[in-house]
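User: Please take a close look at one part of this model, the largest pocket, and tell me what lines it.

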Amino acid sequence: MTSPFLDRRTFLQSAAATALLGPLVAQAQTNHDPVMIACVGVGGKGWSDMLECSKGNEIVAICDIDEGRLLKASEQFPKAKKFADWRKLLEMPGIDAVTISTPDHMHAPVTLSAIHAGKHVYGQKPLTHSVKESRTLTEAAQEAGVVTQMGIQHHATARLKLAVDALRKGVVGKVHEVHVWTDRPGNFWKQGLTRPEHHDPAPKTVAWDLWLGVAPERPYVASLYHPFHWRGWWDFGTGALGDMGCHLLDPVVHGLELGAPKTVMAEGPEPSPESGPLWCEVQYTFPGTKHTTDEVLVHWYEAGRQPDRELFDAPEDWAGSKNGVLYRGSEGNLFVGFPEMPELFPKAKFADYEWPDMSDHNHYQEWTNAVAGIGKTSCPFEYSGPLTETVLLGNVAYRSQSKINWNSEELVCEGNPGASEFLHREYRKGWSIPNLG
C-alpha cells in the first residue's frame, strides 16, 4: 500500500485551493436526516464531543466505565442505550457513527473495531497511543471508506486559517524553521513520576478492568490515573506532546504541507519507564516543500519552555503566549497562538498587510455533515494519522534517547533497532485486537 505520508501530500496539494473555504460550505448545509451516533467515553472531553455532535443528530448509545459519568450522560440523553463495555456497544444495530473520547491507550482499539464494524468515526487526539497504531488506523479507514475526523477543533478556527493562508501566500517568504511551545503539563497533570507500591480498592462505580483495556495490568490507585491524571503515565497517556502536539503541530504540517520527518532528536531529563518527563525539547527535520527552504527544522518545547524572545522580532511590550507557533521565513516571522490571533513581525515591515476575512466553522458538524453525505472532513485519518505519527515520534526519540532516522515507507528507525520498541507494544492478555496487538 502507498505510504499514508505520500497520500497526505497528495491530499494536501489537491485540497490546497479549497482548504480554507471548503469547510464553510459544509457548515452551511446542515439540513439532513439525523445521524445515529454512539459515544464511547462521555466524561471530560467526551462530554463536550457528545454535546457538539448531538446538534441536529441523535445520540443512540453511550458508553463509559464510570457509572457517575454514564448516569450524567443518560440524564442528558435519556433515550440512549447505556453500556460499560464498548465492545457490546458496537454490537448494537442502528449505529451510523461513533465518537471515541477515551484515554489515549484505548483510542486505537476502539477506533479500529468501529471501522471494522463499518462505522464512521470521530476520534480524539492523539489519534493513537503508538506510531504503528496510527498507520494501521489510517490504512483501515482508507480501505473501509468510512468518514473520519480527528478531534483537533482548532483546525476549524479563523485564526489558524489566517495563518495557513499567509504561509501559502508566501507573506513571510520561504520558511526555514518553526518553533512550537506549550505550557503543558504544568499544573494540568504531573509527570516524572514513580509508580507507587500501594494500591486502593477500585470503586464499585468504576469498571477498572475495562478502563485498563489493552494496557498492562496495574492496580487501581485513587486519583492517580482515573479520571484525568493518566496523561502523565506511559501506560495510558502520551505526555505533553500527545496532549498538545496534534493541536500545535497541525498548522505547521498543514500550512507548510509537510510530509514525514527525516530525523527526530530529543532532550530532557533521564527517561522514566513509567512516566513522561518533567520537560522535553524535540527537533524535527523535514524535507522542504514549495513553502520552505530545502529542509525545515521544527523545534518543540514543553513545560513552559519557549524559544529565545529575540527570534520573534516582536515589540518589547508584546505579551507573547503560553502556547504558540513561530514561523521564521526569509521575509519575516509569523506567530499564531492558542488562542491568540496571528501576527507578523517585525511590525513595521508588515504594517500595511491586510488580513483577509475568514470565520470559524464547526469541526464536529463538519464530520456529521460528511457522514450524511454533505461535504468532506478537513482532518480525516488520511491527514491526521500521519500527523499523529509525527507527533509521537518525538516521544520515541526522547524515550530511546537517540537520534531517529525515520523511514516512513517501512515504518522503521533506520540503524536504530533500540528505538523500535517504542513504536508499538503488545496488548494485555485477553485484549487482542485484530491487526493491532
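Analyst: The pocket comes before the sheet that one of its helices packs on.

This is a predicted model, in which local features need pLDDT of at least 70 and side-chain atom pairs count only at pLDDT 80 or more, while totals for chains, interfaces and linings use all residues. Residues are numbered from 1 along each chain as its sequence is written, and side-chain values use heavy atoms, with hydrogens and water left out.

The largest pocket has a volume of about 740 Å³ (the space filled by probe spheres set on grid points, which are joined across faces, edges and corners). A pocket here is an open set of points on a 1 Å grid over the protein atoms alone, where a 1.4 Å probe fits, with protein on both sides within 12 Å along at least five of seven lines; lining residues have an atom within 4 Å of a point. There are 39 lining residues, and those closest to the centre are Lys45, Ser101, Thr102, Trp230 and Arg231. The lining divides into 17 nonpolar, 14 polar and eight charged residues (Ala, Val, Leu, Ile, Met, Phe, Trp, Tyr, Cys and Pro count as nonpolar, Asp, Glu, Lys and Arg as charged, the others, Gly among them, as polar).

Helices H3 (45-54), H6 (107-116), H9 (208-212) and H10 each supply at least two lining residues (helices, H or I, at least four residues, and strands, E, at least two, are DSSP runs numbered from the N terminus). H10 gives the most, three residues.

Helix H10 (residues 239-248) also packs on the sheet, touching S7, S9 (281-287), S10 (292-301) and S11 (contact means heavy atoms within 4.5 Å).

Terms used:
Axes are lines fitted to C-alpha atoms, for helices over the stretch in contact, and angles run from 0 to 180 degrees between N-to-C directions.
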